[in-house]
Amino acid sequence: MLKIKTENPENKEKVVVQTPAGSIADNTQPVVPVQQQPPQQQGKGMPDGLWVKCKKCEEIIYNKELEDNLKVCPKCGYYFRMKAHERIKMLADEGTFKEYDPDIMPVDILNFLSYPEKKPYADKLKSEQKKTGLNEAVVTGECELSGVKVGIGVLDFYFQGGSMGSVMGEKIARLVEKSILKKMPVVIVSASGGARMQEGILSLMQMAKTSAAIGNLSRHKLPYISVMVDPTSGGVTASFAMLGDVNIGEPGAFIGFAGPVVIEQTIRQKLPPGFQSAEFSLEHGLVDIIIPRKELKAALHRLLGYMLAKPVAKQ
Ligand SMILES: [Zn+2]
């Protein structure tokens with residue numbers, strides 16, 4: 001079992017996200033920003049969360065400036081993670097997003113207790129919901145993307161590591177089914193530690209379910225574009241994230257199935273530098289194209305134009 005330690009931006013508590021063994025590297029760089037006030041501001045009544053420290057260049061950045069720059073460090077270009085709704089705001093034309101199935105709630109059907117803490121999964125769900133304001137780790141719906149109607153799904157890594165349980169599988173399947181009915185292409189942005197082990201086999205079944213749904217979309221000759229951001233791993237990589245007609249990676253993103261430590265232990269070989277980065281995946285054919293965050297919307301629009309084989313409005 002591997003654990004990913006992340007910082008909870010709201011209250012600075014350590015949150016331990018457990019993922020299935022091998023679904024993500026335990027030596028992957030921590031990428032969630034540490035929110036703190038600049039040292040000179042401490043104790044002067046400044047509201048918390050105004051400033052963020054960049055993980056890469058360690059510069060203290062004004063949060064508003066970071067948000068205006070689509071969460072890319074203005075000093076060094078480092079990519080901070082985005083919440084699902086931030087990503088939707090970035091891709092959808094203003095006021096066009098309509099959410100599907102926001103009220104499907106996850107259930108602790110196995111009465112799962114974490115190990116060794118023995119904390120119920122049901123409690124963990126409640127705290128994740130409170131922390132993120134989401135009911136589950138994926139937001140789905142439809143929107144217009146530079147005037148093109150699309151079905152859109154975005155995983156939120158802040159909710160239980162973006163892990164795929166029954167609700168995520170169901171919401172992705174419904175998104176695809178609705179998109180078929182409405183003859184819309186589908187765009188899914190993935191960020192996930194993999195299948196949600198707290199739901200056991202029920203989470204693994206979602207790999208088949210989502211893959212079957214994407215297969216059905218393909219039979220209806222509707223395009224599916226997968227965008228993989230940091231990190232995309234485990235059962236999400238092994239299902240819908242890799243099934244795009246075009247698979248896009250964000251620069252520097254971790255994209256892989258099992259983590260490098262698990263692979264090294266299995267094959268007893270040292271892995272090459274940069275292994276499982278988006279760039280490495282591009283070089284080895286796992287990813288079709290890497291697109292910088294600022295260019296993503298325009299690139300999706302262009303690709304959809306080609307794939308829908310009909311002219312789309314010029315931007
Ligand atoms: Zn930086």
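## Exercises on a seven-stranded sheet

In β11, the residue bridged to M228 is G249. This is a predicted model, where local features need pLDDT of at least 70, side-chain atom pairs count only at pLDDT 80 or more, and totals for chains, interfaces and linings use all residues. Residues are numbered from 1 along each chain as its sequence is written.

**Exercise 1.** Find how strands β10 and β11 are joined, then place them in their sheet.

*Solution.* Start with the ranges: β10 covers residues 224-232 and β11 covers residues 246-249. Strands here are DSSP E runs of at least two residues, helices are H or I runs of at least four, and both are numbered from the N terminus. Next, the two strands run parallel and are joined by four bridges; pairing requires at least two DSSP bridges. Finally, read the open, mixed sheet of seven strands in order: β6-β7-β8-β9-β10-β11-β12.

**Exercise 2.** Work out why one side of β6 and of β12 is left without a neighbour in the sheet.

*Solution.* Locate β6 at 98-100 and β12 at 289-290. Both stand at the edges with a single partner strand each, so one side of each has no neighbour in the sheet.

**Exercise 3.** Decide whether A122 is buried, partly exposed or exposed.

*Solution.* First, find A122 in helix α3, residues 121-132. Then apply the cut-offs to other C-beta atoms within 10 Å, with C-beta placed from the backbone: 20 or more is buried, 12 or fewer is exposed, and in between is partly exposed. A122 has 15, so A122 is partly exposed. For the whole protein, 42% of the 315 residues are buried.
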